[in-house]
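Student: I would like to go through this model one contact at a time. Where should we begin?

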Amino acid sequence: MAVRYSLILSGGRILDPPTGRDEVTDIGILDGKIVEVGRNLDTSRAQDAIDLSGKWVIPGVIDPHVHVSSWIGDYPGLRMMASEGVITALDMAGPPESVFTNVKEHGSGMHIACLDAFTQGESTEKSIERRIASALEGGAIGVKILGGHYPLSPEVTARIIGEAKRQGCYVAFHAGTIRAGSNLEGMREAIQLSDGNPLHLAHINSYCRGYVKDPLLETYEALQLLKGAPHVWSESYVNVFNGTSGKCVNGQIQSQVTRTCCRVGGFSEDEAGLGKAIREGFGHVTKMKGGVNVLVTGEEGYLYWREQNTDVTLSFPVNLLPVQISLASAKDSNGSFIVDAFSTDGGGIPRNTMVRHALNLVRLGVLTPLEMAYKVSTRAAEMLGLKSKGTLSVGADADVTVLDPEQGKACLGIASGRIIMVEGRVVGTGGTIITMVKGLEKVKEWGLPVKTMDPAEALPRKLKKGGGV
Ligand SMILES: [Zn+2]
């Protein structure tokens with residue numbers, strides 16, 4: 001008999017948010033697609049079959065906010081994500097060529113899309129137009145405004161968001177301008193500056209750290225702001241650590257976020273204060289050890305920060321758990337999640353705990369299993385306009401994450417029908433680049449599989465359809 005499936009996943013509990021399916025059944029895969037979902041698929045007609053009794057099977061996890069470029073996070077992030085069950089991710093800073101090179105040389109078999117950071121420089125309409133056009137030709141699916149770290153003027157920020165819409169690309173914003181900080185005021189301003197244009201507002205948890213008023217009041221207001229801004233997509237992460245830059249020039253800390261962390265930790269907002277914050281165990285430095293990045297602090301962290309001439313990624317324990325749980329679970333009166341998706345802001349920053357913490361929230365009864373699958377995959381697929389992802393329906397990409405509910409973590413990762421992770425061990429290599437048609441020519445130079453996304457299906461789509469399970 002002819003082979004009908006390259007792989008059968010049998011006997012797992014299938015959780016498929018778009019269809020509401022929650023049952024023990026089998027999935028048949030062929031040519032990178034899901035070709036059948038149903039009971040008792042014939043394993044004698046499959047090249048490979050895996051018994052998933054007792055396991056949960058969800059659409060491949062999508063992390064809409066990671067860092068895997070040489071600038072932030074770097075290549076270890078590709079393995080670190082895959083080992084935690086992530087199948088698709090959006091790099092939130094670029095530069096694209098560095099992300100693509102990392103995928104080619106150190107890839108873990110995942111699907112990767114990339115934004116190009118808009119830090120400073122271009123400010124006129126013409127130069128912003130050119131900057132965005134060149135980002136897209138370079139293979140990015142859009143741009144990221146790093147306002148919280150490297151603030152631009154409110155006018156330039158608004159111009160970038162408007163121009164992104166005009167060029168039909170993705171735009172994400174870490175709130176903050178020269179007028180408002182990376183806090184609740186910055187978030188308020190960000191929504192005003194978006195002026196009804198589609199926008200991915202990054203890590204809502206970052207604006208609820210108690211810098212403006214009580215953190216729970218900030219959380220309440222952040223949720224109200226999002227309810228009043230249906231054109232704004234958002235994500236939040238569940239982890240106590242943030243991620244920022246340790247870079248100092250002439251004794252001055254370059255990132256506004258890092259300055260704020262020093263201040264709230266009781267340290268001076270300069271190079272000396274930052275050094276003290278690291279030495280005393282408040283600032284944690286990202287350092288590569290044994291092929292993955294880990295956080296180190298104290299004397300070891302301090303020495304590494306010095307060795308690297310201060311140009312390292314830093315993390316501070318500034319996210320509060322009650323805030324994270326509220327943002328993760330809050331719904332509007334229609335039953336739709338107010339913050340669309342989970343993220344990590346991880347990748348190479350050692351914080352890829354999305355699946356583990358989502359499962360913790362299921363254990364606590366904060367989310368149902370289907371809601372968990374929705375927030376770690378389906379909603380992010382909608383946000384990125386990835387129509388063939390975020391579901392386990394027939395015809396969808398065979399991107400699957402298998403969870404071990406006993407152990408509370410991912411135990412198997414499948415990207416386009418290929419196994420990339422088994423019990424935390426990454427076996428995938430290379431990867432697929434997701435780009436726009438405009439970036440196709442450039443991305444092909446890396447010789448990796450490429451998928452195009454239709455920007456018209458991405459950010460603007462929220463206006464048409466609310467989210468819920
Ligand atoms: Zn980030």
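Student: What is the N to O distance in the salt bridge between the side chains of E221 and K213?
Tutor: This is a predicted model, in which local features need pLDDT of at least 70 and side-chain atom pairs count only at pLDDT 80 or more, while totals for chains, interfaces and linings use all residues. Residues are numbered from 1 along each chain as its sequence is written, and side-chain values use heavy atoms, with hydrogens and water left out. A salt bridge needs a side-chain nitrogen of Lys or Arg within 4 Å of a carboxyl oxygen of Asp or Glu. The side chains of E221 and K213 satisfy this, N to O, at 2.8 Å.

Student: Is E221 buried or exposed?
Tutor: Buried means under 20% relative accessible area, exposed over 50% and partly exposed in between (1.4 Å probe, protein chains only). K213, the partner, is partly exposed because its relative accessible area is 34%. E221 has a relative accessibility of 17%, so the residue counts as buried.

Student: Which residue forms a salt bridge with K276, and how far apart are the closest N and O atoms?
Tutor: K276 has a relative accessible area of 46% and is therefore partly exposed. E280 is exposed, because its relative accessibility is 52%. For the salt bridge of K276, the partner and the separation of the closest N and O atoms are E280 and 3.5 Å.

Student: How many residues apart in sequence are the parts tied together by E300 and K289?
Tutor: E300 and K289 form a salt bridge with their closest N and O atoms 3.1 Å apart. Helices (H or I, at least four residues) and strands (E, at least two) are DSSP runs, numbered from the N terminus. E300 lies in helix 9 (residues 298-307) and K289 in strand 16, so the separation in sequence of the parts that the pair ties together is eleven residues.

Student: How many salt bridges does the rule give?
Tutor: Some of the charged side chains are linked in a network of salt bridges, which holds K33, K389, D397, D399 and K451. By the rule, the salt bridge count comes to 27.

Student: D26 has no salt bridge; which side chain of opposite charge is nearest?
Tutor: D26 is found in strand 2 (residues 21-30) and is buried. Lys and Arg count as positive and Asp and Glu as negative, with His and the chain ends not counted. At 7.8 Å from D26, the nearest side chain of opposite charge is R39.

Student: Which residue's backbone nitrogen lies 2.9 Å from a polar atom of the D26 side chain?
Tutor: Contact means heavy atoms within 4.5 Å. Leaving aside neighbours within four places in sequence, D26 is in contact with residues including I8, L9, S10, V37 and L41. The backbone nitrogen at 2.9 Å from a polar atom of the D26 side chain belongs to G11.

Student: How many of the eleven residues of helix 5 are buried?
Tutor: Among the buried residues of helix 5 are L184, M187, I191 and L193. What covers the buried residues includes helix 4 (154-166), helix 6 (215-227) and strand 12 (232-237). Helix 5 (residues 184-194) is mostly covered, and its number of buried residues is eight.

Student: How many residues does the largest nonpolar core have?
Tutor: A nonpolar core is a set of buried Ala, Val, Leu, Ile, Met, Phe, Trp, Tyr and Cys residues joined through side-chain atoms within 4.5 Å. Not counting residues up to four places away in sequence, M187 touches A175, L201, I204, Y207, A222, L225 and L226. M187 is among the residues with the most contacts inside the largest core, whose residue count is 56.

Student: Which strands stand at the edges of the open sheet with order 13-18-16-17?
Tutor: The sheet has four strands with antiparallel pairing, where two strands pair if DSSP finds at least two bridges between them. Strand 16 (residues 284-289) and strand 18 (residues 313-315) pair over two bridges, with V285 opposite L314. Each edge strand has a single partner, so one side is left without a neighbour in the sheet; these are strand 13 (244-245) and strand 17 (292-296).

Terms used:
Polar contact = N/O pair within 3.5 Å; in protein donor to acceptor, adjacent residues only side chain to side chain.
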